[in-house]
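Colleague: Could you walk me through this one? I would like to ask about a few places in turn.

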Amino acid sequence: MAPDRLRRAILPLSLLTGISLYLYACVPVPLANLRAVHVQRLSAAALPAQDDLRETLVQRGEAVWKVTLAGSSDWINQIRRHELNGYAVVVPCDAPDIELFASGPYQGITKVSYYGRGFNALRSTAGDTTYDLYVPETGTFILRADVNKHMSDYDLGRERLNLCVSLAGGAMTGAYARSNEVRVEVGRAR
């Protein structure tokens with residue numbers, strides 16, 4: 001190969017290598033195998049003690065719906081590597097433009113979020129693990145396009161909703177990843 005042709009070939013190869021390294025270092029791998037394991041109604045006292053919502057819901061005598069999901073434990077490594085704030089996205093499957101507030105995800109009592117209390121001690125294991133999120137039994141729907149717009153209330157103690165749930169993580173650097181959606185029935189049967 002002539003030196004001139006070699007020089008022209010090195011630049012594209014260098015760019016490809018640089019892009020590949022950037023993608024590995026800066027783009028989190030989404031959780032792709034998330035699935036529902038269990039849904040149950042509990043007292044709000046079942047929320048992890050450090051959850052900011054726990055005290056308010058307990059004082060009101062409120063219940064929560066605990067949704068347990070299973071998926072790759074590598075999500076914990078992705079949260080750590082990319083310093084992501086982990087959260088749950090919960091929407092009615094038939095109305096994806098509105099959202100329900102959900103607390104979590106948690107692994108045991110530890111919030112799966114880079115800045116969550118106790119997260120530094122959390123270690124992923126090989127294979128799958130469980131992630132818990134908690135949906136208050138009553139609340140107000142949130143319009144995703146305008147969180148300040150007043151929406152109707154819901155009561156999972158009186159109605160059953162088919163919810164689409166996913167786990168996501170984002171950072172101020174622009175890194176973002178979101179899992180596959182999982183469908184779960186939450187609330188009392190009609």
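**A chat about the model**

Modeller: Happy to, and let me begin with a residue that has many neighbours to name: leaving aside residues up to four places away in sequence, L167 touches L31, L34, L69, Y87, A88, P105, Y131, L133, A177, R178 and S179. Please keep in mind that this is a predicted model.

Colleague: Thanks! Is L167 buried or exposed?

Modeller: L167 has its place in strand β11, residues 160-170. Its contacts include L31, L69 and Y131. The cut-off for buried is under 20% relative accessible area. L167 has 0% relative accessibility, so L167 counts as buried.

Colleague: What distance separates the C-alpha atoms of L167 and E181?

Modeller: Along the chain, L167 and E181 are 14 residues apart. In space, their C-alpha atoms are separated by 8.2 Å.

Colleague: Let us turn to the sheet. Which strands stand at its edges?

Modeller: Five strands form an open sheet, with antiparallel pairing, in the order β1-β2-β7-β5-β6. Two of these strands have a single partner strand each, so one side of each is left without a neighbour in the sheet. The edge strands are β1 (35-43) and β6.

Colleague: And which residue in β2 stands opposite H38?

Modeller: β1 and strand β2 (residues 63-72) run antiparallel and are joined by eight bridges. Opposite H38, the residue in β2 is T68.

Colleague: Now β5, please. Which residues are the bridge partners of Y106 in β7 and in β6?

Modeller: β5 pairs with strand β7 (residues 128-136) over two bridges, in the antiparallel sense. Strand β6 (residues 110-111) also runs antiparallel to β5, and two bridges join them. For Y106, the partner in β7 is D132, and the partner in β6 is K111.

Colleague: Which residue has a positive phi in the turn of the hairpin of β5 and β6?

Modeller: β5 and β6 form a hairpin, and two residues lie between them. In that turn, a phi of about 65° belongs to G108.

Colleague: How many residues of β5 are buried?

Modeller: Strand β5 spans residues 103-107 and is mostly covered. P105 is found in this strand, and P105 is also among the contacts of L167. The number of buried residues in β5 is five of five.

Colleague: What is omega for the cis peptide bond at P105?

Modeller: The residue joined to P105 by this bond is G104. P105 itself is found in strand β5. For the cis bond of G104 and P105, omega is about 10°.

Colleague: I would also like to hear about the largest pocket. Which residues are closest to its centre?

Modeller: About 270 Å³ of space lies in the largest pocket. The pocket is lined by 17 residues, and the closest to its centre are D51, D52, S103, Y106 and K111.

Colleague: Which elements give two or more residues to that lining?

Modeller: By class, seven lining residues are nonpolar, six are polar and four are charged. The elements that give two or more residues to the lining are β3 (85-92) and β5.

Colleague: On to the cysteines. How many residues apart in sequence are the parts tied together by the disulfide?

Modeller: Searching the whole structure finds one disulfide, formed by C93 and C164 with their sulfur atoms 2.1 Å apart. The link is right-handed, with 120° about the S-S bond. C93 lies in the loop between β3 and β4 (98-99) and C164 in strand β11, so the parts tied together are 71 residues apart in sequence.

Colleague: What relative accessibility do C93 and C164 have?

Modeller: Buried means under 20% relative accessible area. Both cysteines count as buried because the value for C93 is 17% and the value for C164 is 5%.

Colleague: Last, a look around helix α3. Is Q78 buried or exposed?

Modeller: Q78 is found in helix α3, residues 74-82. Beyond residues up to four places away in sequence, Q78 touches P28, V29 and L84. With a relative accessible area of 3%, Q78 is buried.

Colleague: And what is the relative accessible area of E83?

Modeller: E83 is found in the loop between α3 and β3. E83 has a positive phi of about 50° although it is not a glycine. E83 is partly exposed, and its relative accessible area is 38%.

Note on methods
Residues numbered from 1 in each chain as written. Predicted model: local features only at pLDDT ≥ 70, side-chain atom pairs only at ≥ 80, totals over all residues. Heavy atoms only, no water. Buried < 20%, exposed > 50% of the residue type's maximum accessible area, 1.4 Å probe, protein only. Helix = DSSP H or I, 4+ residues; strand = E, 2+ residues; numbered from the N terminus. Pairing = 2+ DSSP bridges. 1 Å grid on protein atoms, 1.4 Å probe; cavity = no way out; pocket = protein on both sides within 12 Å on 5 of 7 lines; lining within 4 Å. Points joined across faces, edges and corners; volume = space filled by probe spheres on them. Nonpolar A, V, L, I, M, F, W, Y, C, P; charged D, E, K, R; others polar. Contact = heavy atoms within 4.5 Å. Disulfide = S-S within 2.5 Å.
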